[in-house]
Amino acid sequence: MNNNYQSQTEEDQSSEDIKKVIFQYLRYWPWFVLSVIITLSIALIYVRYSPKIYQTNSKVKVLKKQEGLDFSALEGGSSLLGMNQVNLENEIQILKSRRIAKKVIETLGLQTKYYVGGTITDTEIWRNNVPFVLDWTVSDSADYKALPLMSLKFISQNSFELTESESGFKRSAKVGDTLTFSNEDVKNAQFIIDINPFYTGDFIALTEESYSFKKTSLDQSITSLTGKLVTQAVDKNAEVIDIVVDGENKAKNEDILNALMKTFNQDGIDDNRVVAKRTQEFVENRLDFLVEELDTVETGIVDYKRANELIDIEGNTEVLFEKVSKTEMRRFEIETQVQIANEFKNLVNNQDSVSLLPSNLGIESTEVNALSKAYNDLVLERNEIMVSSTVENPVIKSIDQRLGEVRKNINKSIDSYIESLEISLKNTRSRESIFTSTIEKIPNQEKEIRGIERQRMVKENLFLFLLQKREEATLTYAITAPVIKVVDFAYTQPEPVSPKKQIITLAALILGLIIPFGILYLRFLLDTKLSSVQTIKRELPDVPVVGEIPLSEFDGLLVSPSDRSPLAESFRILRTNINFINLTESQKENQRRNQVIYVTSSTKGEGKTFASINLAMVTAQQSKKVLLVGCDLRNPQLHNYIGVSKDTTGLSNYLYDQDLTLEDITLEKVKDSQLDVILSGEIPPNPSEILLGGRFDEFIKKAREKYDYIIVDTAPTILVTDTVMISHKADITLYLTRSDYTDLRLLDHIKDLKKHNKLKNIGIILNAVKQSGRYSYNYGYGYGYNEDTSENKKKWQPWKK
């Protein structure tokens, strides 16, 4: 049950908080109304005078194209690289390229913009709506890239006045004259202004309008055009590109898109022609190369047969076998001669020097045989002489010497013969090996011959194919087939896409509400000052709020008995509410006899003295004996309200001087009222010490005996401890706070005073509450309290009540 009640209470509190927040902002409804009116006015002016932007669309289909050479004519051939599909992303990038944009700009002359003057803004005009044209070709140099905005006013149909405000340029000229313009950025820019022969307007009315023009640089124009172009595929699988451009002039937008499509198509045609030209050049080069290769292949066949001595492979085989047989026989003969020569050499070297050498061994060397015969003849001659002589015979010695020389010559001849035989044997064996390997190579040679023949056939077919492609490339170069198909020529939407009136109006309305809301939110967020009773009740739920004092233009205003202003009524309400503060039994007993009421605050400037004296005044108007005491001994202000000197004898003098009595320091019936006042007196050097003396307790006791109410204006609590030290003498403590002045952090100080019972029976008073605004005093209610109280007011007539 308790939980349900608590939950319901929390929901009610949340609902109340939301209502408070809403009403907190609604109190400033004039701000919101004024802000909305301003933003809507600005929005309507913007919509009325801002340039209207129109959207123009066109669609093109990119046709498939065959890139490279088609080898399908060859057996097993296909398209080179197989690139016959349309890549829309590539085409879109080409379409938006600066190169294409430059051609469009140069074709349409988009660097020059023309305007006709309006009431507030100028409107761009185009083509047949422009009564004049500019010729920039008269300038031989390209030192300038752009011209600033220049104003043109026709004086007559054949003369005009040209001005440029920034440089002060001003010229009067006739149509067709060459004009020269220079400023800091442009040097000697020459141009001619002529009448546009295609102008569709009224030439007679030219003098009634004002025109202007400017020239932008080529780079700026290209960047502007490519930035405005929006291109995209209409579908992922489609080959159609949607092209969109936004601009002020419908006809100009359409001309741009149509020129763009035409330029893009011509660029594709030129690319195809370039491809065809390059294909033709490639084919020509390949034909020249193939002619050389065919000649090389045929020459290779001849050279191969010649190198391998091939005329007829079968006939060559029989000849080779015969040569091999003869070579083997020759090799055997040479090997026999080598063996015989080596044996003969051993015989010569190993037998007796005077023995005869064998003859007819089969050695085929004539020199060896001749030397052997000469050697044998000398041996026979020596043998005949030795029959009748001895070895000491000089003839015998001569013959022996000659025999030795012949033997040496025989050895040399045999060595030379053997060496020649070895060479012949090596050559014979080499020839035999060649013939044998040639016989073994005959199948490979036949294979090589067939391979060469096959290469010749391939190159012959390729040569014939390239001859055909050369003719096709020549025809392709001469034919200009389009690369795109225009699906939709440029068309413009009838309604402008910008400015969007509904969206701008809605945005202005929202902005008009957001701006004051944001300002108020920041104001509330950054506001650290106390501004409402609700804040006090929320932060100090245990401390009652006994009164609200409205803001008055003059803080020194004193409430009179006949005063019926909100200020006077607020103090009368305060006087009544004091009776309902929770008091102890002893305090209630004192309340029936007399009452001591402290009036204090956290800091100076919160209005405690103002509240003290006015509360005392309205209390005294009840025919009560009231004493107002100035107990702020450090910064007394009470004397300013009653118009006496600051040094008038008062409480501080009484506390010091034992001879002074209560009557000596009392100012009776101040301001023609029943109020008695005791001022603070001279400012003492030690206020805290004199307040703690027994003299102050005696003062309060005597005052209670004489007066019904003793209202004490005490010192601020956060600055000094004077009030806290004498708080035990008070029955009620009225704590002043001031709207839009008291810092919210000071509420924690009041909470601390309450928590630790440093002050008795605290009641909060909110001072200086505005009578209108976010936290008004009367909350929208009235009961005649604001009636005129001047001398000219009508007398009260109760019978007319």
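**Exercise 1. How many of the eight residues of strand β12 (residues 240-247) are buried, and what follows for the strand's surroundings?**

Solution. The model is a predicted one, and the count is made on the eight residues of strand β12, of which seven are buried. The strand is therefore largely enclosed by the rest of the structure.

The next step is to look at the strands that pair with β12. Strand β1 (residues 54-62) is joined to β12 by eight bridges, and the two run antiparallel; within this pairing V60 stands opposite I241. Strand β11 (residues 230-233) also pairs with β12 in the antiparallel sense, over four bridges, and here Q232 has D242 as its bridge partner. The link between β11 and β12 is a hairpin of six residues.

A last step brings in a helix, since α3 (residues 88-95) lies across β1, β11 and β12 and runs at about 30 degrees to β12.

**Exercise 2. Find the order of the strands in the open sheet that contains β12, and state which strands stand at its edges.**

Solution. Four strands form this open sheet, in the order β11-β12-β1-β13, and their pairing is antiparallel. Because β11 and β13 (484-492) each have a single partner strand, they stand at the edges, and one side of each is left without a neighbour in the sheet. From one strand to the next the twist averages 15 degrees.

The pairing of β1 with β13 can then be followed in detail: it is antiparallel and extends over six bridges, with K485 in β13 as the bridge partner of K61.

As background to this exercise, strands of a sheet pair through backbone hydrogen bonds, either parallel or antiparallel.

**Exercise 3. Describe the open sheet of six strands in the order in which they lie, and locate its edges.**

Solution. Reading across the sheet gives the order β3-β2-β10-β5-β6-β7, with antiparallel pairing. The edge positions belong to β3 (123-125) and β7 (169-174), each of which has a single partner strand, so that one side of each is left without a neighbour in the sheet. Neighbouring strands here are turned by 30 degrees against each other on average, when direction is ignored.

One pairing inside this sheet can be traced residue by residue, for strand β2 (residues 112-116) is joined to strand β10 (residues 210-215) by five bridges, the two running antiparallel, and T112 stands opposite K215 in β10.

**Exercise 4. Is N411 buried or exposed, and is D219 buried or partly exposed?**

Solution. N411 is found in helix α9 (residues 394-478), and its relative accessible area is 16%. The cut-off for a buried residue is under 20%, so N411 counts as buried. When its neighbours within four places in sequence are left aside, N411 is in contact with K345, V348 and N349.

D219 lies in helix α5 (residues 218-228), where its relative accessible area of 48% makes it partly exposed. Sequence and space can be compared for this residue too, as D219 and K102 are 117 residues apart in sequence and 8.7 Å apart in space, C-alpha to C-alpha.

**Exercise 5. Which peptide bond is cis, and where do D740 and A768 lie?**

Solution. It helps to begin with the usual case: most residues other than glycine have a negative phi, and most peptide bonds are trans.

The bond between S498 and P499 is cis, with omega at about -5 degrees, and P499 has its place in the loop between β13 and α10 (501-526).

D740, which is not a glycine, has a positive phi near 60 degrees; it is found in the loop between β19 (732-738) and α21 (746-755) and is partly exposed, with a relative accessible area of 33%. A768 likewise has a positive phi of about 60 degrees, but A768 lies in strand β20 (residues 762-769) and is buried, with a relative accessible area of 6%.

**Exercise 6. Which residues form the aromatic cluster, and which charged residues sit over a ring?**

Solution. The structure holds 18 aromatic pairs, and one cluster is formed by Y114, F132, W136, F154, F160, F191, Y211 and F213. Turning to charges, R695 lies over the face of Y654, at 3.8 Å from the ring centre, while the charged end of K625 sits over the ring of Y707, 5.9 Å from its centre.

Methods:
Residues numbered from 1 in each chain as written. Predicted model: local features only at pLDDT ≥ 70, side-chain atom pairs only at ≥ 80, totals over all residues. Heavy atoms only, no water. Phe/Tyr/Trp six-rings, centres within 6.5 Å; stacked < 30°, edge-to-face > 60°. Lys NZ or Arg CZ within 6 Å of the ring centre and 35° of its normal. Pairing = 2+ DSSP bridges. Axes fitted to C-alpha atoms, helices over the stretch in contact; angles between N-to-C directions. Buried < 20%, exposed > 50% of the residue type's maximum accessible area, 1.4 Å probe, protein only. Contact = heavy atoms within 4.5 Å.
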